[in-house]
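Subject: Structure handover

Hi,

Here is the structure I said I would pass on to you. Have a look first, and then read my notes underneath.

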Amino acid sequence: VRVNSGEWQEIPIRLHNYTNVPVNRSWDLLPLGARRGDRIYTRLLAEDVKGSISETPVVQIVIGDPGFATNQLHEIARWEALMESMQAVQQAAQNLQQPLAGENLQKFQQAPELQRQQTVASISTALAETEAQFERVEQSLKQAMQVATPGREASDLTQLSRAVSHARRSTFEKTRDNAEYLANSSRLAEAKTFAGEATRLRRELKEIDGMLRELRAAKKTEATGEYLRRLAQQQDRINNAARDDANTDPRAMDRLARRQTAAQPQIEKGREMLQDLVGETSSGFTRRLNKSVADLGEAAKDLEQFTKAESADPRILPASEEMGRQVASAEKTAQSLARDHANRVDRIRRNLERMSLSPAASVQKLATDLKRAADRDDDSARERALAEAAGQLRDRAEMEEARKDADPLLPNELTMAAEALENMAQNNNATRDSE
């Protein structure tokens with residue numbers, strides 16, 4: 001056996017009068033001095049009574065750590081990126097609203113022509129920035145969906161994507177249309193209409209952002225509880241092994257120190273996750289979270305004086321058991337908080353479902369919009385309704401394609417439906433032009 005680039009160590013295993021026999025060897029990592037990240041190389045040499053030697057290929061093993069909850073941590077990182085992109089599109093929508101918000105609307109009407117044109121130009125720039133930020137949000141949604149656990153989380157992201165798609169394809173497009181009317185005519189009526197649509201867009205995005213925050217907080221809380229649950233199980237295994245071996249293994253406390261040293265980064269990660277929840281919850285849980293963070297830190301500090309000692313100290317076992325108790329206590333706090341968030345999120349999901357039209361509701365809305373346009377003989381309204389529905393279908397197709405449990409046929413079918421609506425809009429436009 002060899003550790004990293006060190007010298008090979010020979011360990012004899014004697015067998016008598018056997019021609020075919022399994023050979024097992026459990027490596028004790030403590031006397032080898034192996035730590036996390038080290039590479040262990042091992043091979044078996046067999047020598048018969050005549051001195052003939054045969055050799056197996058070298059087997060390489062990398063010493064790692066349990067590495068639990070890595071998938072959930074990755075999912076949380078994607079939710080954080082989604083949160084950042086949502087804040088960016090909100091800021092862009094605020095910049096779009098600002099030129100004609102409040103007193104600025106009246107100032108616009110009284111301003112000279114050059115100044116009004118400058119305001120219209122700034123609105124055009126804000127429109128382009130808002131559209132770019134919508135693209136960023138939709139990209140973040142797809143990235144979150146790619147790692148989302150099938151089921152409730154994937155469903156939440158689907159609902160969020162539909163709400164964002166409605167904000168972009170409906171409210172934002174109406175705001176853009178009104179900006180074009182405003183550019184052609186700087187009358188107060190057009191300015192008021194634009195200001196109203198821009199305000200509605202900002203409010204809609206703010207509502208989506210609020211629901212996203214609640215869903216993200218619930219996700220983080222659930223992941224923290226699961227992380228601490230596995231950490232508590234790990235601490236139980238470490239302490240049970242130390243108690244079982246204390247009377248039979250003279251190096252039991254050395255092994256305990258080594259295991260707790262390896263677990264320290266995971267314990268610190270748990271503390272960080274708990275600390276991060278403080279800003280995500282009500283004041284009723286803040287005190288409990290802060291106490292858990294402090295208690296874990298104190299237990300880690302007490303344990304560290306033994307893990308860093310040159311020789312084993314029997315007092316490390318009580319300190320290690322105290323660490324286990326504090327991790328278990330922190331897990332209970334996180335699980336209680338997760339249940340509290342779950343109750344709040346049920347209401348959020350109902351509101352999100354209201355904002356994000358189901359496929360059936362989307363078809364019904366399109367039929368209503370087309371009938372209203374036909375009653376008014378408004379070809380432009382007909383084209384806008386078809387374009388809005390087609391855009392939402394394409395958005396949904398992209399999200400469905402990103403799902404882990406995606407139906408392989410559904411994205412293509414949604415895209416084909418979007419193309420059919422787009423062709424209807426083009427035919428409508430061609431007919432109008434020929435007339």
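What follows is a walk through the sheet, the cores, the salt bridges and one helix. Keep in mind that this is a predicted model.

**The sheet**

Let me start with the strands. Three of them make up an open sheet, ordered 1-2-5, and the pairing is antiparallel. Strand 1 (2–3) and strand 5 (59–62) are the edge strands; each has a single partner strand, so one side of each has no neighbour in the sheet. Strand 1 is joined to strand 2 (residues 39–42) by two bridges, and Val-3 has Ile-40 as its bridge partner in strand 2. Between strand 2 and strand 5 there are four bridges, again antiparallel. On that side, Thr-42 sits opposite Val-59 of strand 5.

**The nonpolar cores**

As background, nonpolar side chains tend to be buried together in soluble globular proteins. In this model the largest nonpolar core has 46 residues, and Leu-100, Leu-157 and Leu-160 have the most contacts inside it. Seven helices are worth highlighting on your screen here: helix 2 (70–97), helix 3 (103–110), helix 4 (113–147), helix 5 (152–184), helix 6, helix 9 (316–355) and helix 11 (379–402) each supply at least two residues of this core. Helix 6 gives the most, with 11 residues.

If you want one residue to centre the view on, try Leu-100. Leaving aside neighbours within four places in sequence, Leu-100 is in contact with Leu-105, Phe-108, Thr-119, Ile-123, Leu-182, Ala-191, Phe-194 and Ala-195. Another core, of 32 residues, lies apart from the largest one; Met-253, Leu-274, Leu-296 and Ala-334 are among its members.

**Salt bridges**

The structure holds 41 salt bridges, and I picked out a few. Arg-213 pairs with Asp-209, with 2.9 Å between the closest N and O atoms. These two are four residues apart in helix 6 (residues 188–245), which puts about one helical turn between them. How exposed or buried are the two partners? Arg-213 counts as partly exposed, at 35% relative accessibility, while Asp-209 is buried, with a relative accessible area of 5%.

Helix 10 has a pair with the matching spacing: Asp-369 and Lys-365 are four residues apart, about one helical turn, and their side chains meet in a salt bridge (2.9 Å, N to O). Asp-369 counts as buried at 19% relative accessibility, and the cut-off for buried is under 20%. Lys-365 is partly exposed, at 25%.

Further along helix 10, Asp-375 and Lys-371 are again four residues apart, about one turn of the helix. Their side chains form a salt bridge as well (3.2 Å, N to O). Here both Asp-375 and Lys-371 are exposed.

There is also a network: salt bridges with shared partners join Glu-131, Glu-135, Glu-138, Arg-168, Glu-173 and Arg-176. Arg-168 is found in helix 5 and counts as buried, at 5% relative accessibility. What does Arg-168 touch, leaving aside its neighbours within four places in sequence? The contacts are Glu-131, Phe-134, Glu-135, Glu-138 and Glu-173.

**Helix 10 as a whole**

Two of those salt bridges belong to this helix, so here is the rest of it. Helix 10 (residues 359–376) has 18 residues and reaches 26 Å from its first C-alpha to its last, close to the 26 Å expected at 1.5 Å a residue. Leu-366, Asp-369 and Ala-373 are buried in helix 10. Viewed down the axis of helix 10, the buried residues fall within an arc of 65°, so they line one face. The background is simple: an α-helix has 3.6 residues a turn, so residues three or four places apart point the same way.

And the face of helix 10 turned away from the buried side? What does that face carry? The exposed residues there are Ala-360, Val-363, Gln-364, Lys-371 and Asp-375. That list includes both partners of the exposed salt bridge, Asp-375 and Lys-371. Right after helix 10 comes Asp-377, which has a positive phi, near 55°.

Cheers

Conventions: Residues numbered from 1 in each chain as written. Predicted model: local features only at pLDDT ≥ 70, side-chain atom pairs only at ≥ 80, totals over all residues. Heavy atoms only, no water. Expected span 1.5 Å × (residues − 1). Buried < 20%, exposed > 50% of the residue type's maximum accessible area, 1.4 Å probe, protein only. Arc of directions from axis to C-beta. Salt bridge = Lys/Arg side-chain N within 4 Å of Asp/Glu carboxyl O. Core = buried A, V, L, I, M, F, W, Y, C linked by side-chain atoms within 4.5 Å. Contact = heavy atoms within 4.5 Å. Pairing = 2+ DSSP bridges.
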